[in-house]
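Subject: Structure handover

Dear colleague,

Here is the structure for your work. My notes on it follow below.

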Amino acid sequence: MPLPALPRIDRLELAELVLPDWHPRAADGSCVVLGYVVHHPDGPVVVDTGVGRGNRLIEDLYHPTVHDLVGRLAEVGVDERDVVAVVCSHLHFDHCGQNAALAAPVHVQAAERPVAAEPGYTVPEWATLPDEQWRVVDGDADLAEGLRVVATPGHTPGHQSVVVSGGDDVVVLGGQCSYTAAEFAAGTVDEGDAHDASWHPVAVESLRRLRSLHPTRALFAHDRAAWSPAS
Ligand SMILES: [Zn+2]
């Protein structure tokens, strides 16, 4: 059920990474890390929490410039204590790094948790929360009126996106389903953005599915550009 009107959605600039030589996107030089807050009538919902602090490996590999999620929320008028839910698109280190800054329940796909426990997948302490704080979702689920999580595997086995519907608008918060708005427009996924080669067709299918929802806007975790049908 869509909301009567689309709630405000603010972009949160959470970090900037310097990409190492071996990274599939190394030619870009750097990578922005974005989260979003949906000002839902039931309370603010945060999608992705960016990069955490204090992990030596991540600092050596990516030289991150980290912005505090709580400060970014305050800039858009949200007190972190009022956040009612968090959705992690996936549990890579740059999407769950500040989960611990919020007390709200964190929604993650069931398929994401076992893979997140594998060595080298993420920063374990950033992807760890008290059991009672997790909300494990298996597939698509309505979180609230006009707010749905959609399973979009491919970049990772348990990647998910958020779809916000209000009035005549459908906004996709696509996480890393597409690395760029241009790729969303083209319906293509770079092989390097799939979990591994076997997940590439799965990622392409997830993108097709999101596009089939006829979004009026789509926003991403690593591209400031928004996609819209006219773009
Ligand atoms: Zn990722």
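In which sense do β8 and β9 pair, and over how many bridges? The two strands pair in the antiparallel sense, over three bridges. Please keep in mind that this is a predicted model.

The sheet

β8 and β9 belong to an open sheet of five strands, in the order β8-β9-β10-β11-β12, and its pairing is mixed. At the edges are β8 (141-144) and β12 (217-219), each of which pairs on one side only. On average, neighbouring strands of this sheet are turned by 25° against each other, direction ignored.

Going through the sheet in order, the pairs are as follows.

- β8 with β9: Ala144 has Leu147 in β9 as its bridge partner. The hairpin of these strands has two residues between them, and Gly146 there takes a positive phi near 70°.
- β9 with β10: β10 covers residues 160-166, and the two strands pair in the antiparallel sense over five bridges. Val150 stands opposite Ser161 in β10, and Ala151 has Gln160 as its bridge partner.
- β10 with β11: this pairing is also antiparallel and has five bridges. Val162 is opposite Leu173 in β11. Two residues lie between the strands of this hairpin, where Gly167 takes a positive phi near 55°.
- β11 with β12: β11 (residues 169-173) and β12 run parallel and are joined by three bridges. Leu173, which faces Val162 in β10, also stands opposite Leu219 in β12.

Burial

Strand β9 (residues 147-151) has four of its five residues buried, so it is largely enclosed by the rest of the structure. For β10 the count is seven of seven, so this strand too is largely enclosed by the rest of the structure. Gln160, Val162, Val164 and Gly166 point one way from β10, while Ser161, Val163 and Ser165 point the other way; all are buried.

A residue outside this sheet, His107, has its place in strand β6 (residues 106-109). Is His107 buried or exposed? Its relative accessible area is 10%, and because buried means under 20%, His107 counts as buried. Leaving aside neighbours within four places in sequence, His107 is in contact with Ala85, Val86, Val87, Cys88, Arg135, Val137, Leu143 and Gln160. Of these contacts, Gln160 is one of the buried residues of β10.

Pockets

The largest pocket holds about 620 Å³ of space. Its lining has 29 residues, and those nearest its centre are Tyr62, His92, Phe93, Gly120 and Tyr121. The elements that give two or more residues to this lining are α1 (56-62) and α3 (93-96). α1 gives the most, with four residues. By class, the lining of the largest pocket divides into 15 nonpolar, 12 polar and two charged residues.

The second largest pocket holds about 160 Å³. It is lined by 14 residues, with Ala116, Ala117, Pro124, Ala127 and Thr128 closest to its centre. This lining divides into nine nonpolar, two polar and three charged residues.

Regards

Terms used:
Residues numbered from 1 in each chain as written. Predicted model: local features only at pLDDT ≥ 70, side-chain atom pairs only at ≥ 80, totals over all residues. Heavy atoms only, no water. Pairing = 2+ DSSP bridges. Axes fitted to C-alpha atoms, helices over the stretch in contact; angles between N-to-C directions. Buried < 20%, exposed > 50% of the residue type's maximum accessible area, 1.4 Å probe, protein only. Contact = heavy atoms within 4.5 Å. 1 Å grid on protein atoms, 1.4 Å probe; cavity = no way out; pocket = protein on both sides within 12 Å on 5 of 7 lines; lining within 4 Å. Points joined across faces, edges and corners; volume = space filled by probe spheres on them. Nonpolar A, V, L, I, M, F, W, Y, C, P; charged D, E, K, R; others polar.
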